[in-house]
Amino acid sequence: MADMRTFHEAIDGWAAGGPGGPARELAARLGVRAAVLLEGRSDVAALDALAAARGRDLAAEGICAVSMGGATNVGHYTRVLGPEGLGLRLTGLCDERERPHYARCLDERDLFVCVADLEDELIRALGVPRVRELAEREGESRALRTFLNQPAQQDRTPRQQLRRFIGTRSGRKIRYGRVLVEALPPAETPAPLAALLAAL
């Protein structure tokens, strides 16, 4: 049975220059009405976790959270998902430094921007002590201590250190995208992420 993962694969193929037929067929079958353009899989994990925590199933609502593999691909995905392609409603979440890429393709009203990046937003919302607790709960106490003792980390602030730690190993950023969001009290959800979910 077709599912949103199959649709994602069809979109990726189309954005890379393949045929659009499979994506069009799946969009109609699945009732896809909107897409959120995200830089990577950690952003998808965070958005999915927030939606689930708020009692929402984005896929069931016809909303596709798209990992583009980097902000520079936004033009390709806008072409296949926007007016020239599937005609879906498009929104996006990005880092401040990547804003120019998104702004060329999306209306400012549909663009939600993190000051540094989503991980930094989540660390600021939760606070350094809480994020360290979560890392310990994830069984990474030793890895975190080793990382913090590295000479390269000594000139960074505690928040910067945690942000670097989360991005140092393959898969860790995706895991913490979910872990940090699940630990958020509703009132402390970072503004860009809360506004994005409310807009969907």
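**Strand β3 and two helix pairs in a predicted model**

Aspartate 95 sits in strand β3, and the model we're looking at is a predicted one.

Q: Is aspartate 95 buried or exposed?
A: The cut-off for buried is under 20% relative accessible area. Aspartate 95 comes in at 9%, so it counts as buried.

Q: Which residues does aspartate 95 touch, not counting residues up to four places away in sequence?
A: Skip the sequence neighbours and look at what remains around this strand β3 residue. Aspartate 95 then touches Glu39, Val113, Cys114, Ala116, Asp117 and Leu118.

Q: Which strand holds threonine 91, and what residues does that strand cover?
A: Aspartate 95 is a β3 residue. Threonine 91 is found there too, in strand β3, residues 89-95.

Q: Is threonine 91 buried or exposed?
A: Leaving aside neighbours within four places in sequence, threonine 91 has contacts with Ala35, Val36, Leu37, Leu106, Asp110, Phe112, Leu196 and Leu200. Its relative accessibility is 1%, and under 20% means buried, so threonine 91 counts as buried.

Q: Which residues does UniProt list for "domain: OLD protein-like TOPRIM", and how far apart are the end C-alpha atoms?
A: The UniProt record, an unreviewed entry, gives residues 33-95 for that domain. Over residues 33-95 the chain is 33% helix and 27% strand. The end C-alpha atoms of this stretch are 25 Å apart.

Q: Is helix α8 oblique or parallel to helix α9?
A: The axes of α8 (residues 141-148) and α9 (residues 158-166) come within 11 Å and cross at roughly 120°. That angle is why α8 counts as oblique to α9.

Q: How many nonpolar, polar and charged residues make the contact of α8 with α9?
A: This crossing is right-handed. From α8 come Ala143, Leu144, Phe147 and Leu148, and from α9 come Gln161, Leu162, Arg164 and Phe165. By class, that contact divides into six nonpolar, one polar and one charged.

Q: At what angle do helix α6 and helix α10 pack, and how far apart are their axes?
A: Two packed helices are described by the angle between their axes and the distance between the axes, so we want both values. For α6 (residues 118-126) and α10 (residues 172-182), the angle is about 35° and the axes are 10 Å apart.

Q: How many nonpolar, polar and charged residues make the contact of α6 with α10?
A: Here the crossing is left-handed. Glu119, Leu122, Ile123 and Leu126 of α6 meet Lys173, Gly177, Leu180 and Val181 of α10. The split is five nonpolar, one polar and two charged.

Methods: Residues numbered from 1 in each chain as written. Predicted model: local features only at pLDDT ≥ 70, side-chain atom pairs only at ≥ 80, totals over all residues. Heavy atoms only, no water. Helix = DSSP H or I, 4+ residues; strand = E, 2+ residues; numbered from the N terminus. Buried < 20%, exposed > 50% of the residue type's maximum accessible area, 1.4 Å probe, protein only. Contact = heavy atoms within 4.5 Å. Axes fitted to C-alpha atoms, helices over the stretch in contact; angles between N-to-C directions. Parallel < 35°, antiparallel > 145°, perpendicular 65-115°, else oblique. Left-handed = near helix turned anticlockwise from the far one by under 90°. Nonpolar A, V, L, I, M, F, W, Y, C, P; charged D, E, K, R; others polar. UniProt positions renumbered as here; feature names shortened; annotations may be inferred.
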